[in-house]
Amino acid sequence: MHGLVIKNTGSWYTVLTDDGQLIDCKIKGNFRLKGIRSTNPVAVGDRVGIVPNNEGTAFITEIEDRRNYIIRKSINLSKQSHILAANVDQAILVVTVVNPQTSTTFIDRFLASAEAYRVPVVLVFNKTDLLDEDTRRYQEAMVHLYQTIGYECYQISAETGAGVETLQPLLKDKITLLSGNSGVGKSTLINCLVPGASQRTAEISDAHNTGQHTTTFSEMIPLSTIHCPLSDVHSWLIDTPGIKGFGTFDIEPEELTSYFKEIFHFSQDCKFSNCTHTHEPGCAVLKALEEHYIAESRYQSYLSMLEDKDEGKYRAAY
């Protein structure tokens, strides 16, 4: 039997089987012995094989090959990773310039990690209703920066609903990961995007014995009417817990340049093919930085990720 992991509550996984059942599953005991160095070897969005048991639950016995995933360094275990979601069509990163302020370093780390695993990202600037003249000017500058690099940007207020309708077409027939710092308004945005979302998540929770819906764990929310069978849903929104930091994982220093679009563009003209863009003579990236073709904030984010590797903070995944 095969299905889609639509909820992860730590020790239990909710699997939507191909024939439309919701089944509580656990990982088979020896599954963790396969060398997957992750806090969650099975992630929301995974296609899995399961074997039902007599108790009405099942064991996950295999993970089908992933086409992509978003991964970050585990918060408490530096040698391990944490997979936010697998097999996604895109990610929406919700950011705010006030209450709280999302740092450009956080944004750039998320974008670089998504580039590494071939996940397109859309930036959504929320809480436009809270902006004064200065913060609005700052947000416009950020939007201009990331649009120039090549990222789609939207400015909305989930609280008032302003601009939210512009996001609806992006979600059709796609699996979308929704992420961002704690407090940026993801839950409010979900309620705007998915009428009846709380009812749908309650329905999923009621179908198994793992308790009520919680934002502590990742969950796939169907973008459909409440009466639509889950097996017929083609558009999903993956709700993830708010994250404070984004430690990059399994990105080698020599690969890092290619995950910053504009730095990679200028690096083609560097004098040395193994240029680190930090001190070398004839470095086209440093020249572009000096001439303001590369933003200082982006370059500092690049340096911070290089330093991660230099300090040995992030180990290769197995």
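Buried, in these notes, means under 20% relative accessible area, and exposed means over 50%. I'm working from a predicted model, so I keep that in mind throughout.

**Entry 1: helix H4**

I started with H4, which runs over residues 186-193. Which of its residues are buried? I found Lys186, Leu189, Ile190 and Leu193 on that list. They sit on the same side of H4, because they cover an arc of only 105° around the axis. That fits a general rule: an α-helix has 3.6 residues a turn, so residues three or four places apart point the same way.

**Entry 2: the cores**

Next I looked up the largest nonpolar core, and it has 40 residues. Leu123 and Tyr146 have the most contacts inside it. Several elements give two or more residues to this core, among them strand E1 (2-8), strand E8 (90-95), helix H1 (104-116) and helix H2 (133-149). Strands E7, E9 (121-125), E11 (175-180) and E13 (236-239) are on that list too.

I then checked what Tyr146 touches, leaving out residues up to four places away in sequence. I got Thr104, Ile107, Asp108, Leu111, Leu123, Tyr151, Cys153 and Arg298. So Leu123 turns up again, this time as a contact of Tyr146.

There is also a second, separate core of 25 residues. Ile83, Ile263, Ala288 and Leu303 are included in it.

**Entry 3: cavities**

How many cavities of 30 Å³ or more does the structure hold? I noted two. I went for the second largest, with a volume of about 30 Å³. Its lining is made of Asn8, Asn40, Ala43, Val44, His82, Ile83, Leu84 and Ser218. Strand E7 (residues 81-86) gives the most to this lining, with three residues. By class I wrote down four nonpolar, four polar and no charged residues. Ile83 is worth a second mark in my notes: it lines this cavity and is also in the second core.

**Entry 4: odd backbone spots**

Where does Asn99 lie? It is in the loop between E8 and H1, and Pro100 lies in that loop as well. A cis peptide bond joins Asn99 and Pro100, with omega at about 0°. Asn99 also has a positive phi of about 45°, although it is not a glycine.

Is Asn99 buried or exposed? At 57% relative accessibility it counts as exposed, because the cut-off is over 50%.

I found another positive phi at His292, near 70°, again in a residue other than glycine. His292 lies in the loop between helix H8 (284-290) and helix H9 (296-310). With a relative accessible area of 70%, His292 is exposed.

Conventions. Residues numbered from 1 in each chain as written. Predicted model: local features only at pLDDT ≥ 70, side-chain atom pairs only at ≥ 80, totals over all residues. Heavy atoms only, no water. 1 Å grid on protein atoms, 1.4 Å probe; cavity = no way out; pocket = protein on both sides within 12 Å on 5 of 7 lines; lining within 4 Å. Points joined across faces, edges and corners; volume = space filled by probe spheres on them. Helix = DSSP H or I, 4+ residues; strand = E, 2+ residues; numbered from the N terminus. Nonpolar A, V, L, I, M, F, W, Y, C, P; charged D, E, K, R; others polar. Buried < 20%, exposed > 50% of the residue type's maximum accessible area, 1.4 Å probe, protein only. Arc of directions from axis to C-beta. Core = buried A, V, L, I, M, F, W, Y, C linked by side-chain atoms within 4.5 Å. Contact = heavy atoms within 4.5 Å.
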